[in-house]
Amino acid sequence: MAGLNHVAATDIHAVVVGLERYPRAPRDWSLPGAGKDALRFARWLHRGGVPPQNIRLLLSPMEESRESLEAAAAGAGFDYRLVASLNDVRSVFIEDLNQAVGSLLYVYWGGHGVLGEDGRLLFHPDASAEDKLCLNVEELRRSLTQMASSGFEQQVLFFDACATFVEEHGGESAPVVVPFPPPRRQTAQQFLLHASRDGQAAEQDDLAESGAFSTMLLQWLEQNAADLHPDLSALHDDVKQHFKQRCAANGPEQTPVTCRYLTLDGTEDDTETYARPVDPTARLEVMGVLESVFPDGGQLKVHAARVARACGAARLAEGYSVKAFAEVLLGTPRAMATLIAMLSTDGESKTAEPFRALAIAHVPPGLLSVGDYADLRELLMRAPEMSPATVAAITRHIMPGGSGVQLDTAGTMGGAQLLAHMENFEKHPGGHSHTNRRRRTTPAVLRFTQHLAAVFEQYPGWCRQLDTWGRQVAQRLGVDAETLDELRATAHIWAQSLKESRTSPRVVVQIYPDPATQMFTCVVWSDPGTGELARHSHDDNGIPLAPAQAVHLIEHAIRSLSVSDAQAPVVEIVLEPGDMLSVPVHTWNGADTHHVVPLLLAVRRRIALRCAPLANTAREDDRRARLERRWNGRADGKVVYLDQEHARGQSAYGRLEEDHDVARVVVRAGRDDGARMIQQALYLGYPVILWDHDASEAVCDTYFGPLDPEGTLPGLPERVRRYWAKVCEDPVGHPVRPALLLDDPEQQIPDAQAVPRQSASDEASTR
């Protein structure tokens, strides 16, 4: 829930509670300033445009502050309610709110609280040391979900209350939790921010007569959220950092914590139904880590309670034991990830590390924590419209070999479908981060989101939130910042390649040579940038031509798609493997030698060769599968260099097969040996092959350096074109005669034309 959907201020309602006085409790229970903090929160709402009648202000003031609070409330236009019993509070949540209709609900509570067996508890105004009347925060949260029927699908709750153990409040009696009625089945988005984590006190600034948490919270809201729609992730981060700095300056230890819930309803409180069987050996290992990391049984129980509440682990909530906690972590969806996230958020990254190792070793269900998943869901529900083809392209790139998900959606993909797609990534065997060459690899779920951000960079606000989400999750999963930055750079290169390949107009030319006559049958197609090919309309299209005529035909198709050389399309020449060296299309001169501007294609045009389908269907299917796998890794600048030494035996084949993900080959051998290497690379599905068309002998290691074959792939055709221009300007100083194969399996090529080579000369003679 990184950000709230914007709604009108008149559609915002609030319950604001400030309990200073507990009449039945000892004097030292009093909380001076709790009423003032509550009134300040109400003022923030009212200044943002919320009508006073939408703000239910519940106060239990001390006698010495009652008069000033009444005057301040009246001056601000509020009719506050004096609350003295649990029924005064419960009736507002149970009765009043059920009559309200709106879009966003705020709840602010300032008062005493404790941590009981059933989670966080808030004392009612008539609580005492002997009669600890409480409401359960979890029950309140669930009860509020029913308000979604009135439109309150977004709910933000702030609690400035202690979470110390109940024993610290004296008396022999246990807390008495007064339950809320069971809610109807509804869904809601909820964000809860507590002043302190389990077991901690929420500090009170007696001098300022204000809660330390409320002071920071209210100041932040007033400065950063005058529109009443705070960036909740930023709020959490800033509040956490504030208290971290206070602690470092020898202040009290207080760690605010966030709980996020999305699409949870009051009837779905038990995920044990979905828990998978637990391996006994793994359970013993987890039990050992729990007892080692948390030697204090009280702290262990606190963390177990937090996980149980977040994940709906009813078995653990009803009967705690180390064994039960271990089983929940291994078998309950998102439990292990949620514990890791909680520890990381609390600043206990070292404590979280053994649990990351357990997650890698045993792969419990759910890579993301409850909070991570909730935030991701909220982001995906606001994602730009995207086609299944785009999602499939990203998926193929990050998971070569298939995603395991069938993308058969018509039209655009919605948030729910994207979320289901992400859940599949979580289940993928490579989903959990693991050590690879002493570094963490990046899980598929992170790779996918970072590629989404790269593809949809025209939505900067959404991408920034996705970026923030990715950094937080990466840190929790043990993916270092350097690895994540490398992933993002790769994602942006790939996204740019995807964008260029899908938006650039292109001319596709199938060429069938007749060696006996040096005539060429050219079948020309054009694509204005939509991805759809149409056969070019021209009388010479599809009949044998001399080189000059062939060039004029191609130029005619180019002019039909562009108005200038700067906007000219890429020219893709489709050749059979055996013709890659025999057809010098990149140096064709379509005019006589006296023409002022020679039509040397590789000077004026960006040209890339493409391999026509192999005649053997089974072999072509295998090549195509390899081509698609290697194409997915095209953003990686790694290059396979084939030198003259690879001409011996099967050396070239072995070198080409060392890495199935490399996409680029540069052939530095001489013409005859190089021809065999080029064909081997073609058959093995390399989509990028660079060689010298005219080099008769092996070339040196730095020969292709000026072309930067390891640079960005989308710019390679343009680098070749510019180099050819230098060849014309200074042939001696530029010895390379480059030819480039750039075979994009995502770009359509037409079906093979039935053009018998032996008939080309016959057709030429009848022309």
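**Loops, helix packing and buried positions**

Gln518 sits in the loop that links strand S17 (506–514) to strand S18 (519–527); strands are DSSP runs of E with at least two residues, helices are runs of H or I with at least four, and both are numbered from the N terminus. Although Gln518 is not a glycine, its phi is positive, at about 55°. The structure is a predicted model, in which local features need pLDDT of at least 70 and side-chain atom pairs count only at pLDDT 80 or more, whereas totals for chains, interfaces and linings use all residues. Residues are numbered from 1 along each chain as its sequence is written, and side-chain values use heavy atoms, with hydrogens and water left out.

The chain as a whole contains 25 helices and 26 strands. Of its 767 residues, 55% are buried, that is, they have under 20% relative accessible area (exposed is over 50%, partly exposed is in between; 1.4 Å probe, protein chains only). When contacts (heavy atoms within 4.5 Å) are taken between residues at least 6 apart in sequence, 75% of them join residues at least 24 apart.

A second loop residue with a positive phi is Leu228, where the angle is about 70° although the residue is not a glycine. Leu228 belongs to the loop between helix H5 (212–224) and helix H6 (232–248). Its relative accessibility is 0%, so Leu228 counts as buried.

Ala127 is also a loop residue, placed between strand S6 (119–123) and strand S7 (133–136). Because its relative accessibility is 0%, Ala127 is classed as buried. Residues up to four places away in sequence aside, Ala127 touches Tyr22, Arg24, Ala25, Trp29, Lys132 and Leu133. The C-alpha atoms of Ala127 and Val176 are 9.3 Å apart, while 49 residues separate the two in sequence.

Further along the chain comes helix H4 (residues 137–144), which is mostly covered, with 6 of its 8 residues buried. The buried residues in H4 are Val137, Glu138, Leu140, Arg141, Ser143 and Leu144. At the start of H4, a side-chain oxygen of Asn136 comes to within 2.7 Å of the backbone nitrogen of Glu138.

The next topic is helix packing. Two packed helices are described by the angle between their axes and the distance between the axes. Helix H7 (residues 280–293) packs against H10 with the axes 9 Å apart and at an angle of about 115°; axes are lines fitted to C-alpha atoms, for helices over the stretch in contact, and angles run from 0 to 180 degrees between N-to-C directions. H7 is therefore roughly perpendicular to H10, a class that covers 65 to 115 degrees (under 35 is roughly parallel, over 145 roughly antiparallel, and the rest oblique). On the H7 side, the contact is made by Ala282, Arg283, Val286, Met287, Leu290 and Glu291, and on the H10 side by Val322, Lys323, Phe325, Ala326, Glu327, Leu329 and Leu330. These residues of the contact of H7 with H10 divide into 9 nonpolar, no polar and 4 charged, where Ala, Val, Leu, Ile, Met, Phe, Trp, Tyr, Cys and Pro count as nonpolar, Asp, Glu, Lys and Arg as charged, and the others, Gly among them, as polar.

H10 (residues 322–331) also meets helix H11 (residues 335–345): their axes come within 6 Å and cross at roughly 105°. H10 and H11 are therefore roughly perpendicular to each other. Phe325, Val328 and Leu329 of H10 make this contact with Ala335, Met336 and Leu339 of H11. By class, the contact of H10 with H11 has 6 nonpolar residues, no polar ones and no charged ones.

Two buried residues within helices complete the account. Arg488 is part of helix H18 (residues 481–503). With a relative accessible area of 10%, Arg488 is buried. Its side chain makes a polar contact of 2.8 Å with the side chain of Asp467; a polar contact is a pair of N or O atoms within 3.5 Å, and within protein one atom must be able to donate a hydrogen and the other to accept it, residues adjacent in sequence counting only if both atoms are side-chain atoms. Neighbours within four places in sequence aside, Arg488 is in contact with Gln450, Asp467, Gly470 and Arg471.

Leu553 lies in helix H19 (residues 547–559) and, because its relative accessibility is 1%, counts as buried. Apart from its neighbours within four places in sequence, Leu553 is in contact with Cys522, Val524, His536, His538, Asp540, Asn541 and Leu545. A separation of 9.9 Å lies between the C-alpha atoms of Leu553 and Val509, which are 44 residues apart along the chain.
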